Amino acid sequence: MQKTNPTIHVDGQEIPFKVGQTIMDAALAAKVYIPHLCHYPGLTPHGNCKLCMVDIGNKNVTACTTAAVAGQQIRNNTETLNAARKTVTQMLFIEGDHICPSCEKTGNCKLQAMAYYLGMLDNHFPQFYPRREMDASHATILLDRSRCILCDLCVRASREVDGKNVFAIAGRSTNAHLIVNSPSGKLGDSNIQTDDLAAHICPVGAILIKEQGYDVPIGQRIYDQQTIRDVGLNEAIPEKQGNHHD
Amino acid sequence: MPPDTPSSPNTRRIAIDPISRVEGHGKITLLLDADNHIQEARLHIVEFRGFEKFIQGRPYWEVSALVQRLCGICPVSHQLAAAKAVDQLVGVEQLTPTASKLRRLLHFGQILQSHALHFFHLSSPDLLFGFGSDPMQRNIVGMLRQYPDIALKGVKLRKYGQQIIEAITGKRIHGIAAIAGGMNQPLTPGKRDALLKDSADILTWSQDAVTLNEQIHTSHPEHYAFATLHSNYLGMTGGKGELEFYHGGLRARAATGAYLFDQFDYRDYQQILREEVRAWSYMKFPYLLELGTEHGWYRVGPLARMNNCDVISTPQAEAARKRFKEFGQGQFVHHTLAYHWARMIEALHCAESIQQLLHDAEITGTELMAEKGDKRPEGIGVIEAPRGTLFHHYQINEEGLITQANLMVSTTSNNQAMNESVRSVANAYLDGQEITEGLLNHLEVAVRAYDPCLSCATHALGKMPLQVELRNVEGVLLDQLTKGVNGDVRRRPELA
C-alpha cells in the first residue's frame, strides 16, 4: 500500500505536509499565504511578530512555530484574524518612527506593504516617538533603530547564514532594542559587510545600505508591482548566500 | 510667543485669524487707538514646523525626500534646492545634460502649476469680482459660475504642470526624481509625446492669462497704490541677466534700480544676508547685511524677478516683460498687485520653456547620473521657487548625518514686505471704518499678492473659519463677525 503524506486543512483547503514541517512551511509550499513579517524561509522561525496567528480550533497559535499535525483544521484568512493582524501592524507602526514619506525603504518595506494588504488606514494608537540611537558608524551600512520592529531577522541571518553573530535583541518590553556585537557596540566596529544577508534582510528601513536614497523611482519598487502576498509566497534565501549554519 | 495684548489701555486689537486663501495658517492683527488710527499692523505666522531642527541627525541622502514635505504646493522646489546642496555634498559640480534639462523641465512644471493655482484659484476672485464683493461669490466656485472659460483654463494649466511633475517624479505631489548627482529615471518618449500633445493649448492659455492680468492691472489705477512699497529686490539671474529659475547668481537692486550686488555666488549667501528673529512671529525677517535691519529688507518672487532681470529667453514672455517695463516707464514697477501680472508672465515663460524642452532631443536621454567626487562637509542649494529665492544649506559629519540645516524659504524673505503692505492697506482703508468682511478682505488681498506659503503645506480655499472682534478701549466687545467653514459670514446677534 502506497504511503501518502499527512494533511492539514487551511480554510478548508487540504494541504499535505512532511513530518517536522510547521503550518507556515506547509502552507507556503502549497502556495497558501499566511501573513508574516518575521518569518523568512530558510531561517529558524521565532514567532516574534505574531502576524501569522492562525486559529487551530481551541486556540490561536503562530503558524511559523507550530508543527503541522495531521488532521488539523486551521482557520487563517478570516475577518477576525485579519482584524487582529491589522491591530498588531498598527502597534508596530506606533512603536517606531515609521515616516514612510521620507524613508528610503518606502515601496520596498514589508511593514508598509502589510499595512496596505490588511487595509490599515491609520495608526489608531498614539505614537510612542521612541528615542533610539542611530548608528551611522559603518562605512556602508546604516542602522536606524527608530524603525526597528524587533523581528530578529538580522540576528538570525547574521548567525545562521553569514556566520557572524553581529546583532542581538537586548532589553525587555518597550525597552527591547537591537544591539551590535562589537567592542564599542557600534556597527562600524563589527565585522558586518555590505554583501551579508543581515545587511539586506531588514523588512523595514532600520538597516539600509548607505548613500542610496531613492535611486529606484517610485512605481518601480517591489510592492509598487506586487502585493506582500505574492512576494511572500515566493521568498527564499538567495542561492548565492552560503548557509553557514549547522 | 508673547500674547498680542494691546500695549496701551487706549488701544484696541482686531485680529484676522486665520487668513484665508493663502497656503498655510497666519493671522493679521491691528492695533487701533481711540481715534481709530492704526498704531500697529502685523502679519503673524503662527505655525511652527521645526524642519531645520528635526532633520539634524538624519542621513543626507534622505534630505531631499524629507524636506519637500515642507510644502504641498511647491515640493519640487524644495526637492531641487536640497538636491543641489546634496550634489555638492557628494562632490558633483556638473550634472549630465539630460539630468540638468529634466530638473529644469520639472521646475518649469512646478512653477506653472503653482502660479496657475495662485492666480486662478486663490486671487482671481478678488481681482475679477472686487475686493469687497460678496464672499459667497468671491471664490473659485464663483469663478467657475461667472467666468467658466477663465476658471477652467486655470484648472487645466495647473493640471498640466502637475502632469509634468508626475511624468518625471512618478507622482503629482511628493514624487522623487532628483537624487545625489542626477535623476533617478529618464523621461520616456511616450510620456514626452503625451505632454507635447497639449503644449500648444497651454501656451495659448498662458498668453491669455498674461493678457488678462495686464488688462486688470492697467485698467485699475486704484490698484497702483494698493499696498505698494518702494523696496529692494533680490533674486537669481542667469549669467546674461536673464530670468532664471534653476541656477545662476544672486542679484539685488535698490528701489531706484541701483545694483547692490550682481552674480553673487549663492554659496556665500551668509556674507550678504542675515535673518532677524522677532518675538511675535515664528517667521524670521531676513535683510541685506549691507543695509541693516531697518533698510535692508527686500522683496522676492515674481515682481522682484521681473524688475531684476534684463531679459527673458523665450519670445512671448520677453514681449510681455517689455510691456511690463513700458508700463513702469523703464523704472521698477513697485505696485504690489503687479505681482499677479509678473506671475503670469513667468507662467508664460514656463509654458514656452516646457515646449522647448519637450522638443529637445536630450530630454529623453538616459545618461542621468554624474560621477561622484570627493565628499564635502557642506552643501548650499539655491533656486528660484514660485514665491522667490529659496536657500537650502546643510552641513554633514563624516558619517553622512546632517549636523546643521538652514532653510531660508521664499515667503520668509517677503515677511517684512507683507507686514509693510498690511500696514499700508490698514492705514488707507480701515481708518475709522466699521468692520466689514469686505474691508478685512482688503488686508488679505495685500498678503495674497505675495502668494505666501505660510506653512508650505495646506490649502484653505476660503473655507477656513474666521472670527474678527472689535472691542472698545475698555475691552468691551462691540462687534463680532464670524465666517463659518461654508463661507457664511454672521454677526453676533446681540451686537447687530
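Here is a short chat about a predicted model with chains A and B.

Reader: Before we start, how are things numbered, and what kind of model is this?
Author: Residues count from 1 along each chain as its sequence is written, while chains are lettered from A and ligands numbered from 1 in the order in which they are written. Local features need pLDDT of at least 70, side-chain atom pairs count only at pLDDT 80 or more, totals for chains, interfaces and linings use all residues, and the model itself is predicted.

Reader: What pLDDT does chain A average, and which stretch is below 50?
Author: pLDDT is the predictor's confidence in each residue, from 0 to 100. Chain A averages 93, and 95% of its residues score at least 70. The stretch below 50 has 8 contacts in the model beyond near neighbours in sequence (a contact means C-beta atoms, placed from the backbone, within 7 Å). That stretch is residues 240–246 of chain A.

Reader: How far apart are the centres of the two domains of chain A?
Author: The bounds come from an automatic or database domain assignment, and they give domain 1 (1–77) and domain 2 (81–232). Across the boundary, 19 residues of domain 1 of chain A are in contact with 21 residues of domain 2 of chain A. Taken over C-alpha atoms, the centres of these domains are separated by 25 Å.

Reader: Which side chains of strand β1 of chain A are buried?
Author: Strands here are DSSP runs of E with at least two residues, helices are runs of H or I with at least four, and both are numbered from the N terminus. A residue is buried if 20 or more other C-beta atoms lie within 10 Å of its own, exposed if 12 or fewer, and partly exposed in between, with C-beta atoms placed from the backbone. Side chains alternate along β1 (residues 7–10), and T7(A) and H9(A) point to the face that is not buried. The buried ones, pointing to the other face, are I8(A) and V10(A).

Reader: Which residue in the turn between β1(A) and β2(A) has a positive phi?
Author: Two strands pair if DSSP finds at least two bridges between them. β1(A) runs antiparallel to β2 (residues 13–16) with 4 bridges, and one of the partnerships links V10(A) with Q13(A). The two strands form a hairpin with 2 residues between them, and the turn residue with a phi of about 50° is D11(A).

Reader: In β5(A), what is the bridge partner of H9(A)?
Author: β1(A) also pairs with β5 (residues 73–74) of chain A, in the parallel sense over 2 bridges. The partner of H9(A) in β5(A) is Q73(A).

Reader: Is S173(A) buried or exposed?
Author: S173(A) is in the loop between β8 (167–170) and β9 (177–180) of chain A, and its phi is positive, about 50°, although it is not a glycine. Because S173(A) has 5 C-beta neighbours inside 10 Å, it counts as exposed.

Reader: And how does K50(A) count?
Author: K50(A) has a positive phi too, about 70°, and is not a glycine. Its place is the loop between α1 (23–29) and β3 (53–55) of chain A. Because K50(A) has 19 C-beta neighbours inside 10 Å, it counts as partly exposed.

Reader: How far is Y40(A) from G232(A) in space?
Author: Y40(A) sits in the loop between α1 and β3 of chain A and is buried, with 23 other C-beta atoms within 10 Å. Leaving aside neighbours within four places in sequence, Y40(A) is in contact with L153(A), I201(A) and E235(A). Y40(A) and G232(A) are 192 residues apart in sequence, and their C-alpha to C-alpha distance is 8.6 Å.

Reader: Which strands stand at the edges of the open sheet in chain B?
Author: The sheet has 4 strands in the order β8-β7-β6-β11, with mixed pairing. Inside that order, β6 (residues 232–237) and β7 (residues 249–253) run antiparallel over 5 bridges. Each edge strand has a single partner, so one side of each is left without a neighbour in the sheet: these are β8 (259–264) and β11 (298–299).

Reader: What residue follows helix α6 of chain B?
Author: Helix α6 (residues 148–169) reaches 31 Å from its first C-alpha to its last, close to the 32 Å expected at 1.5 Å a residue (1.5 Å times one less than its number of residues). Its buried residues include A151(B), L157(B) and I164(B), and the cover over the buried residues includes α3 (75–89) and α7 (189–218) of chain B. The residue after α6(B) has a positive phi, near 95°, and is G170(B).

Methods
Contact = placed C-beta atoms within 7 Å.
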